[in-house]
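User: Could you take a close look at how the helices pack in the part of this model that I have open? I'd love one connected account, with the cut-offs behind your terms.

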Amino acid sequence: MFRLTPVVKNLLIINIVFYILQHVLKGIHFTQIVSLWPVGSEYWFPYQFFTYMFAHSTNDFFHILFNMLGLVFIGPLLEQFWGPKRFLMFYLVTGIGAGVLYGGIKYFQSNQIEKEANVFLANPGASELVNFIDNNIDFRESQRGVPYEVAFRVNKYSAESVLNLADELEKHPDNQNLVERAKAFVKDKTWIEQNLGSMAGASGAIYGILMALGLLFPNTEFRLLFPPIPVKAKYIALVLGGYAIYSTFITNPEDSTAHLAHVGGMVFAFIMIQIWKNDRNKFY
């Protein structure tokens, strides 16, 4: 039976308390307040880079369950190795760093969409609308070969209706009703990209301690839950890290997981460990 170390125990308690508060304080939108919203959104506040890592999805119990399992299985080993203060610093930096990287890239993406939206709004033609759709709307097909109409719903707009709007605008470029409908679509899409889609969860920090485990104790064996076989730490880190990187670039409209934050946690973990390795007097 593993033994909970002080910092890991307190982090576990904080995450559980947050999860309870998310259910108890639904009326004041507690989850919305502590989750990380896109930078520049009317819902975003700087403190969310810290609070988001203690909140979890209230609709998916496995979200907090698997994150906390990772914390209690890996965390004590690292806390005993580094000591409480250094472990807590590592955990917070990787978690906050994951949020900053995720938020920064999302901010850059939303700015790009805004620029392309302004290009269309300055010259609302059919070709400009098609360019905006091509660059910002995902028409990929599912694995079953069924077109994803829901891949880019924007309020009352569907894939078919927007494409039909572009066709009609090409045929009747001077029709002001069509022009206004196209403008409304572009504005709605831009607003949604800038204001919707919050992130919550300890996954960034958990992937950070997973990276540390793989780098510092690469040959330590852990018995997996599913399947129940022993696997070395370096292989666990490699497989999960590789999947996070793959999922970051292969967009799936049905996947709401912030894989980019997972990658961010591992990146900041790698950087911190390299810095600490160069300071031998403090690292060991």
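Analyst: H5 and H9 lie oblique to each other, because angles under 35 degrees count as roughly parallel, over 145 as roughly antiparallel, 65 to 115 as roughly perpendicular and the rest as oblique. Helix H5 covers residues 84–122 and helix H9 residues 203–216; the two pack at an angle of about 125°, with their axes 7 Å apart. The axes are lines fitted to C-alpha atoms, for helices over the stretch in contact, and angles run from 0 to 180 degrees between N-to-C directions. Happily, the numbering is simple, since residues are counted from 1 along each chain as its sequence is written. Please keep in mind that this is a predicted model, in which local features need pLDDT of at least 70, side-chain atom pairs count only at pLDDT 80 or more, and totals for chains, interfaces and linings use all residues, while side-chain values use heavy atoms, with hydrogens and water left out.

The crossing of H5 and H9 is right-handed; a crossing is left-handed if the near helix is turned anticlockwise from the far one by less than a right angle, and right-handed if clockwise. On the H5 side, the contact (heavy atoms within 4.5 Å) is made by Phe87, Phe90, Tyr91, Thr94, Gly95 and Ala98. H9 brings Gly204, Ala205, Ile206, Gly208, Ile209 and Ala212. By class, the contact of H5 with H9 has eight nonpolar, four polar and no charged residues, where Ala, Val, Leu, Ile, Met, Phe, Trp, Tyr, Cys and Pro count as nonpolar, Asp, Glu, Lys and Arg as charged, and the others, Gly among them, as polar.

Phe90 deserves a closer look. Phenylalanine 90 is buried, with a relative accessible area of 0%; buried means under 20%, exposed over 50%, and partly exposed in between, using a 1.4 Å probe and protein chains only. A search of the whole structure finds 15 aromatic pairs, that is, rings of Phe, Tyr and Trp (its six-membered ring) with centres within 6.5 Å, called stacked if the planes are under 30 degrees apart, edge-to-face if over 60, and tilted for the rest. One of them joins phenylalanine 90 and tryptophan 276: the ring centres are 6.0 Å apart and the planes stand at 45°, so the pair is tilted. This pair links distant parts of the chain, as phenylalanine 90 sits in H5 and tryptophan 276 in helix H11 (residues 259–277), 186 residues apart. Tryptophan 276 is buried too, at 8% relative accessible area. Ring pairs also gather Phe81, Trp82, Phe90, Phe217 and Trp276 into a cluster.

Phe81 and Trp82 lead us to another partner of H9. They belong to the H4 side of a contact that also includes His63, Asn67, Gly70, Leu71, Ile74, Gly75, Leu77 and Leu78, facing Ser203, Ile206, Ile209, Leu210, Ala212, Leu213 and Leu216 of H9. The axes of H4 (residues 61–82) and H9 come within 9 Å and cross at roughly 45°. That makes H4 oblique to H9, and the crossing is left-handed. The residues of this contact of H4 with H9 divide into twelve nonpolar, five polar and no charged.

Further along H5 sits serine 110, which counts as buried at 7% relative accessibility. Leaving aside neighbours within four places in sequence, serine 110 is in contact with Glu193 and Gln194. Those two residues also touch proline 38, together with Trp44, Leu196 and Gly197, not counting residues up to four places away in sequence. Proline 38 lies in the loop between helix H2 (30–34) and helix H3 (48–51) and is buried, with a relative accessible area of 8%. Proline 38 and leucine 196 are 158 residues apart in sequence and 7.3 Å apart in space, C-alpha to C-alpha.

Glu193 and Gln194 fall within helix H8 (residues 176–195), whose axis comes within 11 Å of that of helix H6 (residues 126–136), crossing at roughly 25°. H6 and H8 are therefore roughly parallel to each other.

To place all this in the whole, the protein has twelve helices and two strands; these are DSSP runs numbered from the N terminus, helices being H or I of at least four residues and strands E of at least two. Of its 284 residues, 42% count as buried.
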